[in-house]
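Me: I would like a close look at one part of this protein, the place where its aromatic rings meet. Please keep the sentences short and explain the terms.

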Amino acid sequence: MEDIEKKFPDKLEDVPVKFFKLISGESIIAYVHNGNDNTVAIEEPMRLHIEEDQQLVFTPYLPFSEQQLHHIDSNSVMLESDVSTDIKAYYMKILLVARVLRK
């Protein structure tokens with residue numbers, strides 16, 4: 001398993017969480033690390049889905065992976081974008097709840 005250096009920002013706005021639209025059509029949100037030119041390094045990726053009643057649902061993108069850090073080929077990413085602070089807060093809350101439930 002790769003070591004992940006954790007340097008937590010002081011403000012939620014500075015947390016490197018991004019939205020990705022993949023060429024497969026999937027939408028994911030993830031904590032982003034510095035990658036190289038050919039890959040995007042992500043941690044705790046969650047698949048985004050919007051229900052018929054406009055409710056936003058997050059589900060684990062790689063639910064059975066034992067790795068923490070994943071690399072997506074840059075050619076598989078159609079769009080990458082920053083997310084609003086509200087979405088970051090919701091994402092972080094989901095991750096905290098999931099970690100508590102895993103223990």
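Reply: Here is a short tour, from the whole chain to the aromatic rings and then to a surface patch.

This is a predicted model, in which local features need pLDDT of at least 70 and side-chain atom pairs count only at pLDDT 80 or more, while totals for chains, interfaces and linings use all residues. Residues are numbered from 1 along each chain as its sequence is written, and side-chain values use heavy atoms, with hydrogens and water left out.

Start with the chain. It has one helix and six strands. Helices (H or I, at least four residues) and strands (E, at least two) are DSSP runs, numbered from the N terminus. Along the sequence the order is β-β-β-β-β-β-α. Of the 103 residues, 30% are buried. Buried means under 20% relative accessible area, exposed over 50%, and partly exposed in between (1.4 Å probe, protein chains only).

Now the rings. Rings of Phe, Tyr and Trp (its six-membered ring) pair if their centres lie within 6.5 Å; planes under 30 degrees apart are stacked, over 60 edge-to-face, and the rest tilted. The count by this rule is two aromatic pairs. Take Phe58 and Tyr90: the ring centres are 5.0 Å apart and the planes meet at 70°, so this pair is edge-to-face. It links distant parts of the chain. Phe58 sits in strand β4 (residues 56-60), and Tyr90 in helix α1 (residues 85-102), 32 residues apart. Phe58 is buried, at 10% relative accessible area. Tyr90 is partly exposed, at 32%.

Phe58 also pairs with Tyr91. This pair is tilted, with 6.4 Å from centre to centre and 50° between the planes. Phe58 is in strand β4 and Tyr91 in helix α1, so the pair ties together parts 33 residues apart in sequence. Tyr91 is buried, with 0% relative accessibility. Phe58, Tyr90 and Tyr91 form one aromatic cluster.

Next, the surface. Met78 lies in strand β6 (residues 77-82). Met78 is exposed, at 54% relative accessible area. Leaving aside neighbours within four places in sequence, Met78 is in contact (heavy atoms within 4.5 Å) with Lys21, Leu22 and Ile23. Met78 and Phe20 are 58 residues apart in sequence, yet 7.5 Å apart in space, C-alpha to C-alpha.

One more count covers the chain. Among contacts with a separation of 6 or more, 57% come from residues 24 or more positions apart.
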